[in-house]
Every structure is written in structure tokens, then in C-alpha cells.
Amino acid sequence: AVGICAATVSEAEGLVRAGVRGVLVTGPVATSGKAERLVNLLRLDHDLMVVIDSHEGLELLARAGREAGQRMDVLLDVDVVLHRTGVSPAAAPELAAAIAACEAVRLRGIQAYAGHLQHVGAYEERRRLSLECLQDAVSAFRTLRDRYPDCTVFSTSGTGTFDIDLAVPEITELQPG
């Protein structure tokens with residue numbers, strides 16, 4: 001394992017303050033206070049990353065980063081049918097361009113989490129659904145990887161699909177619980 005995921009800023013703060021490094025915050029930041037708290041954590045964990053799924057979230061992190069003189073690595077959160085967070089795969093290039101144009105953040109890759117599939121009972125059905133829903137994210141990742149040299153991370157999966165999603169060669173990082 002080279003890192004760990006945290007769903008919230010509070011979880012990330014606890015992990016980083018306990019000495020854990022390489023934290024990925026998998027939930028997008030929606031307030032300036034949380035963006036500032038994350039940027040402050042960069043002083044302890046230079047490998048800290050967070051996902052972005054909107055122009056508003058980008059602006060929050062960019063402002064906090066500029067004010068603190070810090071640059072944060074980010075993953076673009078790509079929605080793979082859950083419709084809770086993330087941009088559609090078709091909208092990913094447009095938001096990625098905005099991220100790439102911002103000096104306070106660096107686009108490192110994408111996150112595509114199919115949480116709705118983690119507990120599908122029948123293995124073959126879970127396998128089919130997981131591989132199917134990741135295809136648009138794979139296409140978005142390839143496009144971004146070709147355009148942005150630092151875009152090398154494809155983080156996905158969960159406890160219920162980690163052994164399935166390994167079949168997708170573009171995936172670089174798994175998020176099992």
C-alpha cells in the first residue's frame with residue numbers, strides 16, 4: 001500500500017496528524033474552511049491529494065492554495081453512474097482544462113468510484129456491471145493522460161470489486177476498505 005483514502009477532511013486531519021502519509025480525500029471539498037484546512041495539511045503531508053468535481057470546488061482549493069503559498073495535487077472525480085459526486089466522463093476534459101490552467105493545483109489523474117456496485121450479490125453480475133461502468137471513465141482517463149503529462153493516477157474500486165477491476169489495465173490505484 002502506498003497511500004490511504006479518507007472520505008472527509010476531518011478523517012484526513014486525524015490520519016496526517018498521526019503520521020500517515022499519502023492521504024487521498026475522496027469526497028470533494030465544498031466550503032472555503034475545509035479547503036483551507038486541507039491546504040494547511042500539505043505542510044505535514046506533501047503527498048496529500050483531494051478530488052475535485054466542480055469549478056466551484058476548484059476555485060475554493062485554488063484560493064486557499066494561493067493564500068497559503070501551497071500547491072495541491074488533485075484527482076478529477078468522474079461519475080460512473082452513482083450520480084452523487086463527480087462530473088460526467090464527457091465533461092471531464094473541460095474541467096480538467098480549468099484545473100490545468102490553475103497554478104495552485106496540479107491534475108494528477110481521476111477517481112471513478114462505483115459505490116453502488118460494491119454489494120451486488122452475484123459475483124458475475126457485479127463483475128459485468130463494474131467493468132461496464134468503468135469504460136467511460138477509462139476513455140476519459142486516456143484522453144486526459146494524453147493531454148496532461150502529470151495525469152497518471154486512475155483511482156477506483158472498492159472492497160466488492162477490487163479483484164474485478166484489476167482487469168482494467170489503466171487502473172493504477174484501488175480503494176478497498
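Which residues touch the most other members of the largest nonpolar core? Leu38, Met72, Leu76, Ile99 and Phe154 do, in a core of 52 residues. The views below come from a predicted model.

**View 1. Overall fold of the protein chain.** The chain carries 6 helices and 7 strands. Strands and helices follow the pattern β-α-β-α-β-α-β-α-β-α-β-α-β along the sequence. The radius of gyration is 16 Å, close to the 16 Å from the globule rule for 177 residues, so the chain is as compact as a globular protein of that length. The C-alpha trace spans about 50 × 35 × 25 Å along its principal axes. Of the contacts with a separation of 6 or more, 63% join residues 24 or more positions apart.

**View 2. The largest nonpolar core.** This core holds 52 residues, Leu38 and Phe154 among them. Helix α5 (residues 123–147) supplies the largest share, 8 residues. In soluble globular proteins, nonpolar side chains tend to be buried together. Across the chain, buried residues make up 46% of the 177.

**View 3. Surroundings of Met72.** Leaving aside residues up to four places away in sequence, Met72 touches Leu38, Val39, Leu42, Leu48, Val50 and Leu61. Ala104, Val105 and Arg106 are also contacts of Met72.

**View 4. A second core.** A separate core has 5 residues. Leu24, Met49, Leu75 and Val153 are among them.

**View 5. Surface and charges.** The chain exposes about 8,500 Å², with 51% supplied by carbon and sulfur atoms. There are 17 positive and 24 negative charges. The mean positions of the two sets are 3 Å apart.

Note on methods:
Residues are numbered from 1 along each chain as its sequence is written. This is a predicted model: local features need pLDDT of at least 70, side-chain atom pairs count only at pLDDT 80 or more; totals for chains, interfaces and linings use all residues. Side-chain values use heavy atoms; hydrogens and water are left out. Helices (H or I, at least four residues) and strands (E, at least two) are DSSP runs, numbered from the N terminus. The radius of gyration is taken over C-alpha atoms; the globule rule is 2.2 Å times the number of residues to the power 0.38. Buried means under 20% relative accessible area, exposed over 50%, partly exposed in between (1.4 Å probe, protein chains only). Contact means heavy atoms within 4.5 Å. Accessible areas come from the Shrake-Rupley method with a 1.4 Å probe; for residues, only the protein chains shown count as cover. Lys and Arg count as positive and Asp and Glu as negative; His and the chain ends are not counted. The place of a charge is taken as NZ of Lys, CZ of Arg, CG of Asp or CD of Glu. A nonpolar core is a set of buried Ala, Val, Leu, Ile, Met, Phe, Trp, Tyr and Cys residues joined through side-chain atoms within 4.5 Å.
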